[in-house]
Every structure is written in C-alpha cells, then in structure tokens.
Amino acid sequence: MRKIPSLSISPEKVFFIIAKSRQSDGKADQPDLTADTGDDMPEDHGNSTDRSELSGFIRGLNVDEQIELVALMWLGRGDGDLDSWRDLHAEASRAHNNRTASYLIGTPMLADYLEEALTQFGKSFEDFEEHL
C-alpha cells in the first residue's frame, strides 16, 4: 500500500471552497429572470458576493495552502496522480503568484477537481457535510 502524502491545508478548508464554488456556480447557471423585463428591479448580486467571499477566503490562505490548493486542483483535473504529487506541488510552487484566487475561481469545474483530488487523499465531501 502506497503512503498518502500529508497536506498542509486542512480538508475542511478545501471542502469550504468546494461548497462555496458550487454555490457560486449554481447561481451562475440560473437564468436571469429580470433580464429584458423593463422593470427597475435591483440586480441579484448573490453570485458576485459568493465569488468575492470565495476570493477573499483563498487570498486569506497562507502561501503553502494556496500552492497546495492549486496542486490539488491539478491532481483532480488529471494532470498527475498521487505518485507524482511532489512534482505537481513543486510546479504549483514555481507558478505561485498573487493571482491564485482569480486563477482558481476562473477554472471551470473547480469544485469537481478539488473533490476528486481529496478522494485520492481518502477524504470525502459527504463525510464533511455530515459535520455541518
């Protein structure tokens, strides 16, 4: 049995990002029922609020956690596997900059990729949801 690498970012933080990302994506997928109605109804800023909160949360992580989050996204996307975790982590470290939050939030299927990566680390979103 291969040894699973340890993570410096807590699974709870990653699951929070997954939940917020799904919330934001869900609102983005909803049709804008106020469009072209001619009403002076206020715009729904829920999606931008979720994205702002998610962006602020990611920016609030320390550099190691941000790097690991990018590496996890790449792992879940299939850019490597647990055997190549060190390489993914090293590449994410080399690529790290102050646009990590924008990069991650702008990645389609971010929540799915992060969830897939955590399952490879033996962590389940369902287990996390039970503790909410």
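**Salt bridges up close**

**View 1. Glu91 is partly exposed, with a relative accessibility of 36%.** This is a predicted model, and we start in helix 4, which covers residues 85-95. Glu91 pairs up with Arg94 in a salt bridge, and their closest N and O atoms sit 2.9 Å apart. Both residues belong to helix 4, with their positions 3 residues apart, or about one turn of the helix. Is Arg94 buried or exposed? Arg94 has 59% relative accessibility, so it goes down as exposed, the cut-off being over 50%.

**View 2. Arg22, Asp112 and Glu115 are joined into one network by salt bridges that share partners.** Glu115 belongs to helix 6, which spans residues 110-120. With 17% relative accessibility, Glu115 counts as buried, because the cut-off is under 20%. What does Glu115 touch once you skip its neighbours within four places in sequence? The contacts are Ile18, Arg22, Phe125 and Glu126. So Arg22 turns up twice for this view: as a member of the network, and as a contact of Glu115.

**View 3. Glu65 and Lys13 meet through their side chains in a salt bridge, 2.6 Å from N to O.** This one links distant parts of the chain: Glu65 is in helix 3 (residues 63-77), Lys13 is in helix 1 (residues 11-29), and the two are 52 residues apart. How do the two ends fare for accessibility? Glu65 is buried at a relative accessible area of 7%, whereas Lys13 is partly exposed at 29%.

**View 4. Lys20 and Glu53 form a salt bridge, with 3.1 Å between the closest N and O atoms.** Glu53 comes from helix 2 (residues 46-60) and Lys20 from helix 1, so the pair ties together parts 33 residues apart in sequence. Which way round is the burial here? In this pair Lys20 is the buried partner, at 13% relative accessibility, while Glu53 is partly exposed at 38%.

**View 5. Stepping back, the whole structure holds 6 salt bridges.** As a reminder of the chemistry, side chains of opposite charge can pair when their charged atoms come close. Among the bridges shown, Arg94 with Glu91 stays inside helix 4. Glu65 with Lys13 connects helix 3 and helix 1, and Glu53 with Lys20 connects helix 2 and helix 1.

How values were computed. Residues numbered from 1 in each chain as written. Predicted model: local features only at pLDDT ≥ 70, side-chain atom pairs only at ≥ 80, totals over all residues. Heavy atoms only, no water. Salt bridge = Lys/Arg side-chain N within 4 Å of Asp/Glu carboxyl O. Helix = DSSP H or I, 4+ residues; strand = E, 2+ residues; numbered from the N terminus. Buried < 20%, exposed > 50% of the residue type's maximum accessible area, 1.4 Å probe, protein only. Contact = heavy atoms within 4.5 Å.
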